[in-house]
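Reader: I should like to understand the terms applied to this structure. Please set each value against its definition.

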Amino acid sequence: GKIKYILIILVMVWFLASNLITEDFENYKQIEENKFEGNRIFSEMIKALGDVTHIRTIRTAGITIQPIPHGSLSFPVEVIAVFPDKFKVKFQDKEFIIDKDKGWMKYPRGYYENLPESYVKTILGNLERNLIRIAKNKEEYEIQFLGEEHVLDRDCQKLLLKKDGTEIILLVDMEKHLPLQMLYENITAKTFLERTYLEYKSFNGIMYPVHTISYDENAQKISEIIIKIVEFNLDIDEEGF
């Protein structure tokens with residue numbers, strides 16, 4: 001009877017272990033399939049954007065529209081990005097300059113003021129989320145397919161991009177293979193923001209978003225950007241950073 005009891009226990013242990021191994025294998029298989037599908041969709045997205053491998057600098061110029069009580073405020077904005085980590089934003093009479101982990105605000109009379117570290121991270125985050133930069137650096141991300149979603153009357157594939165503890169979600173239009181929305185975390189406020197790409201135009205064979213709207217997690221509009229000029233690989237004096 002004792003041997004029979006031991007055999008029953010061993011069978012139960014084997015059965016439980018087999019189920020756990022099978023379950024772990026199925027989970028692993030699903031994760032790998034999601035990664036494979038995510039990378040496939042991401043590669044299609046890169047192809048739709050165009051060959052961005054040669055792009056090192058981008059200059060854009062347009063207008064930003066920001067809501068204010070009882071209306072909105074519109075002003076011209078120029079942005080210069082030097083990959084991987086230099087960024088300059090000019091609007092109104094201010095100029096914000098980021099060089100790696102340091103930043104300054106330049107005033108019209110020519111003097112500079114150091115930017116707090118939190119400001120530098122926030123502004124540099126915009127460069128990190130530039131679609132050209134993301135497409136250029138696919139190998140930096142762990143990419144997973146999260147499923148399909150219907151957004152703004154478009155069928156989309158949902159991708160999760162993970163890098164250095166940060167996460168970006170891209171909703172990629174299944175017909176055009178271009179991002180329709182990006183969801184990302186506001187580092188300082190610890191809230192998720194939503195950016196919608198309403199229109200793309202081709203510049204030298206590169207599809208670039210020229211009309212975007214951003215919302216906070218309460219669906220309140222933060223800003224709207226309309227870009228008129230996009231230029232790639234300009235000779236930029238990096239000493240100006």
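**Terms and evidence**

Author: Within β4, Phe96 is the bridge partner of Val89. The model is predicted, so local features need pLDDT of at least 70 and side-chain atom pairs count only at pLDDT 80 or more, while totals for chains, interfaces and linings use all residues. Residues are numbered from 1 along each chain as its sequence is written, and side-chain values use heavy atoms, with hydrogens and water left out.

Reader: What makes β3 and β4 paired strands?

Author: Strands are DSSP runs of E with at least two residues, numbered from the N terminus. Two strands pair if DSSP finds at least two bridges between them. Strand β3 (residues 86-91) is joined to β4 by 6 bridges, and the two run antiparallel; the pairing criterion of at least two bridges is therefore met. They form a hairpin with 2 residues between them, and Gln92 in the turn has a positive phi of about 50°.

Reader: How do you know that β4 also pairs with β5?

Author: There are 5 bridges between β4 and strand β5 (residues 102-106), which run antiparallel. One bridge partner of β4 residues is Gly103 in β5, matched with Ile98. This hairpin also has 2 residues between its strands, and Lys100 in its turn has a positive phi of about 60°.

Reader: Why is β4 called largely enclosed?

Author: Buried means under 20% relative accessible area, with exposed over 50% and partly exposed in between (1.4 Å probe, protein chains only). In strand β4 (residues 94-99), 5 of the 6 residues are buried, so the strand is largely enclosed by the rest of the structure.

Reader: Why is Tyr197 called buried?

Author: Tyr197 has a relative accessible area of 5%, which is under 20%, so the residue counts as buried. Tyr197 lies in strand β11 (residues 191-203). Its contacts (heavy atoms within 4.5 Å) include Leu131, Pro179, Met182 and His211, leaving aside residues up to four places away in sequence. Met182 is 15 residues from Tyr197 in sequence and 8.2 Å away in space, C-alpha to C-alpha.

Reader: What makes Tyr197 and Tyr200 a tilted aromatic pair?

Author: Rings of Phe, Tyr and Trp (its six-membered ring) pair if their centres lie within 6.5 Å; planes under 30 degrees apart count as stacked, over 60 as edge-to-face and the rest as tilted. The structure holds 4 aromatic pairs. Among them, Tyr197 and Tyr200 are 6.2 Å apart centre to centre with 35° between the planes, and this pair is therefore tilted. Both tyrosines, Tyr197 and Tyr200, are buried.

Notes
Helix = DSSP H or I, 4+ residues; strand = E, 2+ residues; numbered from the N terminus.
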